[in-house]
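Please work through the exercises below with the sequence and the coordinates open beside you. Each task sentence is followed by a solution that goes step by step.

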Amino acid sequence: MKKCGLIICMATLGFLCSKTALKAAAAEATPWQTYLDKAPVQAEQFAADPLGTLVRLFAAEPVQLLRDTMQQYADVLLFLSLAAGLAFLLQDTADRALLELAAAGGCGVLLWQELDKLAAALCTRMAGWKSYLLGFLPVYSGVLAAGGEWNAGAATNGFLLTVLCFIAQAVTLWLQPLLRSYLAISMACGISSRKSLFEGCTLTGRLLRQAIGWAGKAFAALMSIQRVVTVQLDRSASRLGQLLTGSVPIVGQALSNAADAVLAGMQLLKSTLGIAALLSIGAEFAPLYLGLLIHLLFLSCCGWLAGIGGLEYCHKLLQCFAEAVRCMAAVTALFFMLFVVGIALLMLTGGG
């Protein structure tokens, strides 16, 4: 009777434990399944058509992007054409100066909303990239640590994540207010008779672009130096571990061989995750940067048309607006360049 009671108790306990384990496993699987269901592309779709799936990840096709931007600038080009025609008819009359002021004001009003929408789209994309990095880089640093690169993992989750998140957060919070202030000052300088004000406005944009370029070079150099240091530290720690395990006669050699196999697998995982991250950010960066370049192209065309038509105030104003778009493109390129340099350095160097 005692044996039967013991068998029944153990069977009941095993059933309850298995039921609890199944519930825990289901609870752990639910968030992953929800995350996979929300993915923009399913694995079956990517396996069936890899190239088409990557193309569909773009925010807009290049031709469609060009067409949409052309529609946005159609009103501006028409307005400038009419203003240039009236300026040619008026020649040196007293009404010509009034026409130039009206043309500059109208051109600024038409372009203000488009540039503000462009800045809003850039802020939205930066916020999305920041959320992506907050989820990706800690996981990537864990992969590095599991592959024997503990110092590289700490640096990835520290300096690289901090720099990229700071840039994204700064752009998200400050870009639109600074752009609106710059556009307002540009309109004031564009209609002013003092040439020094216009030169000061364009010089501010150039200095800002140069500062962004130098900041990018400085951060890239710091990341390179940091990567060299972390590689040496991780290699020293790895050699010390191999030396300690190799000192054990038989078990040490088996552990060393097993560790080499695990590290090789982690290196493959590190490269795969890095390439996937570069493709993911690059698929969103390319159409955004292309859109900025298209806006800059149309602003240059508008400025050329204003210069040909003799609309001096419009020409100066459009040069200031083009400088604002160049600054937005420089900030976007800075973020992407630092991300690419940081991930590429981690992928191409090291090894635990």
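The exercises that follow treat confidence, salt bridges, one helix, empty space and two residue environments.

The model is predicted, so local features need pLDDT of at least 70 and side-chain atom pairs count only at pLDDT 80 or more, whereas totals for chains, interfaces and linings use all residues. Residues are numbered from 1 along each chain as its sequence is written, and side-chain values use heavy atoms, with hydrogens and water left out.

**Exercise 1. Find where confidence is lowest and where it is highest in the protein.**

Step 1. Begin with the average: the protein has a mean pLDDT (the predictor's confidence in each residue, from 0 to 100) of 74, and 69% of the residues score at least 70.

Step 2. Go on to the helices, which are DSSP runs of H or I with at least four residues, numbered from the N terminus. Confidence is lowest in helix H1 (residues 2-37), with a mean of 42, and highest in H9, with 89.

Step 3. Look at residues 1-33, where pLDDT stays under 50 and the model has 0 contacts (heavy atoms within 4.5 Å) beyond four places in sequence. Where pLDDT is low, the predicted coordinates should not be read in detail.

**Exercise 2. Describe the salt bridges of the structure, and state which residues they join into one network.**

Step 1. Apply the criterion, a side-chain nitrogen of Lys or Arg within 4 Å of a carboxyl oxygen of Asp or Glu; the structure holds 3 salt bridges.

Step 2. Take the pair Asp116 and Arg180, whose side chains meet at 2.9 Å, N to O. Asp116 lies in helix H5 (residues 95-146) and Arg180 in helix H6 (residues 150-190), so this salt bridge ties together parts that are 64 residues apart in sequence. To classify burial, use relative accessible area with a 1.4 Å probe and protein chains only, where buried means under 20%, exposed over 50% and partly exposed in between. Asp116 is buried at 17%, while Arg180 is partly exposed at 38%.

Step 3. Turn to Glu323 and Arg209, whose side chains form a salt bridge at 2.6 Å, N to O. Because Glu323 belongs to helix H9 (residues 312-348) and Arg209 to helix H7 (residues 195-246), the pair ties together parts that are 114 residues apart in sequence. Glu323 is buried, at 4% relative accessibility, and Arg209 is partly exposed, at 29%.

Step 4. Add the salt bridge between Glu323 and Arg326, in which the closest N and O atoms are 3.3 Å apart. These two residues are 3 residues apart in helix H9 and therefore separated by about one helical turn; Arg326 is partly exposed, at 30% relative accessibility.

Step 5. Combine the pairs that share partners: Arg209, Glu323 and Arg326 are joined into one network.

**Exercise 3. Compare the expected span of H9 with the distance between its end C-alpha atoms.**

Step 1. The expected span is 1.5 Å times one less than the number of residues, and for the 37 residues of H9 this comes to 54 Å.

Step 2. The end C-alpha atoms of H9 are 52 Å apart, which agrees with the expected span.

Step 3. As for covering, 26 of the 37 residues of H9 are buried, so the helix is mostly covered.

**Exercise 4. Which elements give two or more residues to the lining of the largest cavity?**

Step 1. Use a 1 Å grid over the protein atoms alone, on which a cavity is a set of points where a 1.4 Å probe fits but cannot get out, and lining residues have an atom within 4 Å of a point.

Step 2. The count comes to 1 cavity of 30 Å³ or more, and about 110 Å³ of space lies in the largest cavity.

Step 3. Its lining includes Ala152, Leu160, Met223, Arg227, Gly342 and Leu346. The elements that give two or more residues to this lining are H6, H7 and H9.

**Exercise 5. Describe the surroundings of Leu299 and the placement of Ala221.**

Step 1. Leu299 is found in helix H8 (residues 251-308), and at 1% relative accessibility Leu299 is buried.

Step 2. Beyond its neighbours within four places in sequence, Leu299 contacts Tyr73, Leu111, Leu115, Leu318, Phe321, Ala322 and Val325. Of these, Leu318 is 19 residues away in sequence and 6.4 Å away in space, C-alpha to C-alpha.

Step 3. Ala221 lies in helix H7 and is partly exposed, at 39% relative accessible area. Ala221 and Val341 are 120 residues apart in sequence, and their C-alpha atoms are 9.8 Å apart in space.

Technical notes
On a 1 Å grid over the protein atoms alone, a cavity is a set of points where a 1.4 Å probe fits but cannot get out, and a pocket is an open set with protein on both sides within 12 Å along at least five of seven lines; lining residues have an atom within 4 Å of a point. Grid points are joined across faces, edges and corners, and a volume is the space filled by probe spheres set on the points.
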